[in-house]
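Visitor: I'd like to learn how to read this model feature by feature. Could you walk me through it?

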Amino acid sequence: MSSAFLLDLAQCIGCEGCVVACNTGNDVPDGAQYIAISEQVRGTFPDLAGGVANHRCYHCADAACVSVCPTGALYRDDGLTRVDASACSGCAYCVGSCPYDVPVMVDGVATKCDGCRDVVSAGGVPWCVETCPSDALRFGPREEIAAEAHARAAAHRGEKYPDAQVYGERQAGGLGVLVVAPEDPETLGLPADPKIPLPTTAWQEVVKPGGFYITSASVLIAGLAGVIARRNHAREMAQLEADHAANAAPTDDNGEVTS
């Protein structure tokens, strides 16, 4: 069963406890930050509304970063997107492809949230979830997380957020982070229909397949060239030996040169 995160933006108090826990628990390298919290002010004075933006990897099912990765360093597992830093070639295709602007390059290697894979595999929960003091974050089987997200959205609509809804069930093939949005997700910086950038589409449809054929052709050509080179070399050696024999000075039975 796939796992998923619940992110309830109506419950988030912007304390940044998740940020600190994530950075420390995952030993996040300098130059990267897997979670970023910022305050939002929306509307026109005097009708202003405040909120908290929680920027993180959304673990897309149809993940552009996974699609463009030529080495398999980015891959899908248990409903989330993972990173194998040892396989990263440093091409940075994932950075330009993500509609949520998540992966970053640090010292020539791509990095991003991998859902605390090692912690969860050991029976724990992700660091951000463990630390959240307001119950804005949860982690578990996707079906349970989806049910909880809809229950919370319904409860928020009955309180003070008439437009509360669940975001992430259809975006990018379904997200591994289901967001309880207290209002229109786009006002919270979440695209209603995240688009994969055109260069990524070109990579998937043209460059990557073309690269396969080009590579295959290069291997074939290199092989043929090797065969031809070996034949030419053998022919040249045979000719040299023939020339040497023809030009050798005649000798008598005692090995002395005769005139």
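Guide: Sure. Keep in mind that this is a predicted model. Let's begin with two tyrosines: both Tyr58 and Tyr100 are buried.

Visitor: How many aromatic pairs does a search of the whole structure find?

Guide: It finds two aromatic pairs. One of them is formed by Tyr58 and Tyr100, with 4.7 Å centre to centre and 45° between the planes, so it is classed as tilted, the label for angles that are neither under 30 degrees nor over 60. This pair links distant parts of the chain, 42 residues apart. Tyr58 is in the loop between strand 3 (47-55) and helix 2 (64-68), while Tyr100 is in the loop between helix 3 (93-97) and strand 6 (104-106).

Visitor: Rings can meet charges too. Which ring does the charged end of Arg56 sit over?

Guide: The ring of Phe5, with the charged end of Arg56 5.9 Å from the ring centre. Arg56 itself is in the loop between strand 3 and helix 2.

Visitor: Is Arg56 buried or exposed?

Guide: Arg56 counts as buried because its relative accessibility is 4%, and the cut-off for buried is under 20%. Its backbone also has a partner from elsewhere in the sequence: the C-alpha atoms of Arg56 and Ile35 are separated by 4.8 Å, with their positions 21 residues apart along the chain.

Visitor: On to cysteines. What is a disulfide, in general?

Guide: A disulfide is a covalent bond between the sulfur atoms of two cysteines. Here the count comes to zero disulfides.

Visitor: Why is there no bond for Cys12 or Cys113?

Guide: Look at the sulfur distances against a cut-off of 2.5 Å. For Cys12, the closest cysteine sulfur is in Cys18, and at 6.4 Å that is too far for a bond. For Cys113, the closest is in Cys57, and 5.5 Å is also too far for a bond. As for surroundings, Cys12 counts as buried at 16% relative accessibility, and Cys113 counts as buried at 15%.

Visitor: Now backbone angles. What sign does phi have in most residues other than glycine?

Guide: Most of them have a negative phi. Two residues here have a positive one. Glu16 has phi near 70° and is in the loop between strand 1 (3-8) and helix 1 (17-25). Asp78 has phi near 55° and is in the loop between strand 4 (74-77) and strand 5 (80-83).

Visitor: And how accessible are Glu16 and Asp78?

Guide: Glu16 is partly exposed, at 37% relative accessibility. Asp78 is partly exposed as well, with a relative accessible area of 29%.

Visitor: Pockets next. How much space lies in the largest pocket?

Guide: About 310 Å³. The lining of the largest pocket has 15 residues, and the closest to the pocket centre are Asn26, Tyr34, Val83, Lys112 and Asp114. By class, the lining has eight nonpolar, three polar and four charged residues.

Visitor: Which helix and which strand each supply at least two residues of that lining?

Guide: Helix 4 (117-121) and strand 7 (109-111) each do. While you're at helix 4, have a look at Val119, which is placed there. Val119 counts as partly exposed, at 25% relative accessibility.

Visitor: How do I spot a contact between parts that are far apart in sequence?

Guide: Set the C-alpha distance beside the gap in sequence. Val119 and Asn26 are 93 residues apart along the chain, and their C-alpha atoms are separated by 9.4 Å. Asn26 came up a moment ago among the residues closest to the centre of the largest pocket.

Visitor: Can you give me one more of that kind?

Guide: Try Pro29, in the loop between helix 1 and strand 2 (36-44). Pro29 and Asp107 are 78 residues apart in sequence and 9.4 Å apart in space, C-alpha to C-alpha. Pro29 is partly exposed, with a relative accessible area of 30%.

Definitions and conventions. Residues are numbered from 1 along each chain as its sequence is written. This is a predicted model: local features need pLDDT of at least 70, side-chain atom pairs count only at pLDDT 80 or more; totals for chains, interfaces and linings use all residues. Side-chain values use heavy atoms; hydrogens and water are left out. Rings of Phe, Tyr and Trp (its six-membered ring) pair if their centres lie within 6.5 Å; planes under 30 degrees apart count as stacked, over 60 as edge-to-face and the rest as tilted. Helices (H or I, at least four residues) and strands (E, at least two) are DSSP runs, numbered from the N terminus. Buried means under 20% relative accessible area, exposed over 50%, partly exposed in between (1.4 Å probe, protein chains only). A charge sits over a ring if NZ of Lys or CZ of Arg is within 6 Å of the ring centre and within 35 degrees of the ring normal. On a 1 Å grid over the protein atoms alone, a cavity is a set of points where a 1.4 Å probe fits but cannot get out, and a pocket is an open set with protein on both sides within 12 Å along at least five of seven lines; lining residues have an atom within 4 Å of a point. Grid points are joined across faces, edges and corners, and a volume is the space filled by probe spheres set on the points. Ala, Val, Leu, Ile, Met, Phe, Trp, Tyr, Cys and Pro count as nonpolar, Asp, Glu, Lys and Arg as charged, and the others, Gly among them, as polar.
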